[in-house]
Amino acid sequence: MLVTAIPIAMFMVSLAIVLNLWRLVIGPSLPDRIIALDTMYINTIALLIIYGVYQGSALYFEAALLIAVMGFAGTVALSKYILRGDIIE
């Protein structure tokens, strides 16, 4: 059961990443693009975790944690830049 569920889940999450990339490129406004980028981080984390379960390795979970931290910092920095025009005051 898990052998068939994991490739289907990987395909669905990969499709979501492609759709996020489309929104990131064509997004109508800058906040929409930032939300697309944040969602892309989350989908990448999900893809790494699914692949880690498939491989049975804990290394992918650590990589997912690093992407989560960098994604959070990047989203906060971009949002602050949009609101104030400067990241560091």
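**A three-helix chain, viewed from N20 to D86**

N20 sits in helix α1 of this predicted model. With a relative accessible area of 12%, N20 falls under the 20% cut-off and is therefore buried. What does N20 touch, leaving aside residues up to four places away in sequence? Its partners are A36, T39, M40 and N43. Two of these partners, M40 and N43, are listed among the buried residues of helix α2, and so is A36.

Helix α2 itself invites a closer look. It runs over residues 30-55, and its 26 residues should span 38 Å at 1.5 Å a residue. The C-alpha atoms at its two ends lie 37 Å apart, so the model agrees with that expectation. Which residues of α2 are buried? They are I34, A36, M40, N43, I45, L48, I50 and G52. These buried residues pack against both α1 (2-26) and α3 (59-84). A general property of helices is helpful when looking at such a list: an α-helix has 3.6 residues a turn, so residues three or four places apart point the same way. Just after α2 comes G56, whose phi is positive, at about 75 degrees.

Stepping back to the whole chain, the secondary structure consists of 3 helices and 0 strands, and the order along the sequence is α-α-α. The chain has a radius of gyration of 15 Å, well over the 12 Å that the globule rule gives for 89 residues, so it is more spread out than a compact globule. Along the principal axes, the C-alpha atoms fill a box of roughly 50 × 25 × 15 Å. Of the 89 residues, 19% are buried. The chain exposes about 6,300 Å², and carbon and sulfur atoms supply 76% of that area. Among contacts between residues at least 6 apart in sequence, 44% join residues at least 24 apart. As for charge, the chain carries 4 positive and 5 negative charges, and the mean positions of the two groups are 8 Å apart.

The last stop is D86, in the segment after α3. Is D86 buried, partly exposed or exposed? Its relative accessibility is 40%, so D86 counts as partly exposed, a label for values between 20% and 50%. Not counting residues up to four places away in sequence, D86 touches K80 and Y81. V76 is 10 residues from D86 along the chain, and the C-alpha atoms of this pair are separated by 12 Å.

Methods. Residues numbered from 1 in each chain as written. Predicted model: local features only at pLDDT ≥ 70, side-chain atom pairs only at ≥ 80, totals over all residues. Heavy atoms only, no water. Helix = DSSP H or I, 4+ residues; strand = E, 2+ residues; numbered from the N terminus. Expected span 1.5 Å × (residues − 1). Buried < 20%, exposed > 50% of the residue type's maximum accessible area, 1.4 Å probe, protein only. Contact = heavy atoms within 4.5 Å. Rg over C-alpha atoms; globule rule 2.2 N^0.38 Å. Areas by Shrake-Rupley, 256 points an atom, 1.4 Å probe, with all protein chains shown as cover. Lys, Arg positive; Asp, Glu negative; His and termini not counted. Charge placed at Lys NZ, Arg CZ, Asp CG, Glu CD.
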